[in-house]
Amino acid sequence: MIISQDIKGGFVRVKRQGHYFNLISASGIVRVILQLNGSDVLRSDFWVGMSINDPIEYDTIIIQGDDAPVEFWASKVAMSNQGNINVVGASAIKTSNKAVLSKALIVDPSLTRSAVRLRSNKEVYLGGAAMNGDGWRLAAGVTEEIPLRGSLYAYKQLPELDISSAAIVNNYANLPAEQSSTSKGEVHVSDDNQTILVFNSSIFNDGHRFISTDGGVTFNAPSWDLDIEINIGASAKLLYHSARNELYMLVMQEDSRGGFRVFKSLDDGQTFNYITTANASTLVGTSYLNAQIKAHFIGDTLCFHVSNGWFGLMDLDTLQFSNCQRESNYVDQAVMDAVPELSSPATYNTLIQTSLSGDMVVSFSSPVKRTLHSSDYGRTFRIVLNDFLVINEGKDCHYLCGQNIYSTIYPHISTDYGATWEKITEHGSVKNRAFFQYLDDKWFQFSSSAINLWYKVGDQWQKETQSVSGVESKDGIALASGDILQLGDSLNRVKVAVSGDLSPAQVQIMELLS
């Protein structure tokens with residue numbers, strides 16, 4: 001039967017048994033959740049005309065979206081069997097969400113697409129070859145339909161940054177002394193700077209993890225400190241996905257299965273819930289013990305590399321793993337094919353998947369120093385630098401910053417996923433401290449009693465240095481709040497002036513396929 005309801009407060013819940021669902025009318029893209037006995041059996045974005053292809057048993061319907069009327073078919077029989085009902089929609093529909101800060105490709109070319117429907121929570125500008133070079137303003141909350149088959153880009157204006165008045169606003173002086181140097185540890189600070197989670201990744205057991213929920217006034221053991229599911233780990237890594245407002249903790253396993261467990265927090269680390277396990281023996285057919293992990297996000301995908309020889313991807317929504325490979329499967333041979341000096345596989349100081357379309361960067365320091373790039377998921381490589389780089393990833397790995405630490409050190413910047421590198425020498429050499437991305441081509445590095453900012457104007461790289469009493473020459477990270485955090489034996493949060501909105505626009509995309 002056809003059911004009419006009103007979305008109020010962002011959702012509507014209807015108790016209704018059925019096997020089929022069709023969305024007949026809504027104000028735009030809505031999230032439809034079908035449940036059976038309290039558990040989700042379907043969770044997906046829907047547009048008018050969409051339906052589920054195969055019957056799914058459910059007893060509860062939840063629809064999330066803007067407050068507005070919504071109309072849908074919910075029944076144990078398909079709506080197509082009802083001869084007096086006709087709803088016209090696209091033959092097929094593809095939905096996605098993109099976080100846009102500065103320029104981002106949001107739609108690839110497709111000859112089977114008839115139109116694209118878009119809605120954003122913030123003002124963005126649209127453009128690309130598909131629009132004949134013309135710009136198109138998409139106001140916040142407005143749904144637009146654009147008939148195009150070509151690629152489409154979105155741009156959100158970047159805020160302006162001023163470091164002339166930068167100063168330490170919190171040194172977290174009450175952090176327990178037994179917390180070893182945070183240069184070797186993991187740190188997360190909430191968007192409002194009130195919750196701070198700190199632990200040393202090499203001493204990952206209860207009694208060595210600390211959390212503050214009052215901005216650093218007091219630190220205590222987190223509520224999960226004695227959780228046996230977490231304490232089986234040998235080490236751990238924290239990763240914050242700002243667009244999703246989710247904190248992930250990857251805990252390396254010490255048992256015979258190898259791999260790592262994945263935990264997720266929605267409250268900045270005050271609590272964690274187990275979500276899945278990357279089992280090395282299942283995913284790549286072998287086990288690795290006491291390994292370290294490096295990981296980053298590309299969109300809604302977790303990209304990871306385990307130090308003892310395997311790597312892969314995990315979808316944050318479906319929790320499905322893909323492209324999991326041992327380096328020995330084909331990467332080792334591809335690297336040796338590209339570097340004639342190698343008679344046996346190199347040890348990769350760096351292996352980073354930099355895009356979901358095949359880009360990968362490998363860098364090693366022995367027996368020769370080389371940095372290589374692949375555009376086919378590591379099946380073939382080419383040399384891009386006759387040097388080894390320690391590489392810091394920017395957001396989504398579009399931007400990368402590397403340092404050649406075994407000679408006079410200069411920053412090297414890539415703006416194309418590691419395919420090419422630009423060596424910046426005009427401002428002199430730098431210390432062996434991490435560069436960290438702030439926005440697009442803006443990179444910070446801490447030095448003794450100063451912060452350094454690199455950014456590009458036209459074809460030239462500029463460097464600004466601002467004295468900040470109290471900061472140390474240590475590694476650092478950029479915080480979602482807009483501040484920057486100096487790591488080391490102490491933490492120093494530095495305030496920089498930002499004019500504009502630092503958070504990305506969330507663009508909902510529906511492709512109507514013919």
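How many bridges join strand 28 to strand 29? The count is five, and the two strands run antiparallel. Keep in mind as you look around that this is a predicted model. One spot to find on this pair is valine 361, which stands opposite histidine 373 in strand 29.

Now zoom out a little. Strands 28 and 29 belong to an open sheet of four strands, with the order 27-28-29-30 and antiparallel pairing. What happens at the edges? Strand 27 and strand 30 each have a single partner strand, so one side of each has no neighbour in the sheet. Neighbouring strands here are also turned against each other, by 25° on average if you ignore direction. And what holds strands of a sheet together in general? They pair through backbone hydrogen bonds, either parallel or antiparallel.

Next, look for helix 3, which covers residues 331-338. Six of its eight residues are buried, so you can think of this helix as mostly covered. The buried ones are Val331, Asp332, Ala334, Val335, Met336 and Ala338. What do they pack against? You'll meet the sheet again here: strand 27 (350-353), strand 28 (360-364), strand 29 (370-374) and strand 30 (382-385) are on the list, along with strand 25 (310-315).

There is another link in this neighbourhood. Glutamate 341 and arginine 370 meet through their side chains in a salt bridge, at 2.9 Å from N to O. Glutamate 341 sits in the loop between helix 3 and strand 27, while arginine 370 is in strand 29, so the pair ties together parts that are 29 residues apart in sequence. Is each partner buried or exposed? Glutamate 341 is partly exposed, with a relative accessible area of 44%, whereas arginine 370 counts as buried at 12%.

That pair is one of 17 salt bridges in the model. Another one joins the side chains of aspartate 66 and arginine 119, at 2.8 Å from N to O. It links distant parts of the chain: aspartate 66 is in the loop between strand 6 and strand 7, and arginine 119 is in strand 10 (residues 113-120), 53 residues apart. Aspartate 66 is partly exposed at 40% relative accessibility, and arginine 119 is buried at 10%.

A further salt bridge brings together glutamate 246 and lysine 264, at 3.8 Å from N to O. Glutamate 246 lies in strand 20 (residues 246-253) and lysine 264 in strand 21 (residues 260-265), so this pair ties together parts that are 18 residues apart in sequence. Glutamate 246 is buried, with a relative accessible area of 9%, and lysine 264 is partly exposed at 21%. These two aren't on their own, either: salt bridges with shared partners join Arg244, Glu246, Lys264, Asp300 and Asp317 into one network.

Let's finish with the nonpolar cores. The largest has 24 residues, and Phe21, Leu34, Phe46, Ile61, Ile63 and Phe72 touch the most other members. Among the elements that give two or more residues to this core are strand 3 (20-25), strand 5 (39-46) and strand 42 (505-513). Try following phenylalanine 46: leaving aside its neighbours within four places in sequence, its contacts include Phe21, Leu23, Val32, Ile52 and Met510. A second, separate core holds 20 residues, including Phe297, Leu302, Val306 and Leu316.

Note on methods:
Residues are numbered from 1 along each chain as its sequence is written. This is a predicted model: local features need pLDDT of at least 70, side-chain atom pairs count only at pLDDT 80 or more; totals for chains, interfaces and linings use all residues. Side-chain values use heavy atoms; hydrogens and water are left out. Buried means under 20% relative accessible area, exposed over 50%, partly exposed in between (1.4 Å probe, protein chains only). Contact means heavy atoms within 4.5 Å. A nonpolar core is a set of buried Ala, Val, Leu, Ile, Met, Phe, Trp, Tyr and Cys residues joined through side-chain atoms within 4.5 Å. Two strands pair if DSSP finds at least two bridges between them. Axes are lines fitted to C-alpha atoms, for helices over the stretch in contact, and angles run from 0 to 180 degrees between N-to-C directions. A salt bridge is a side-chain nitrogen of Lys or Arg within 4 Å of a carboxyl oxygen of Asp or Glu.
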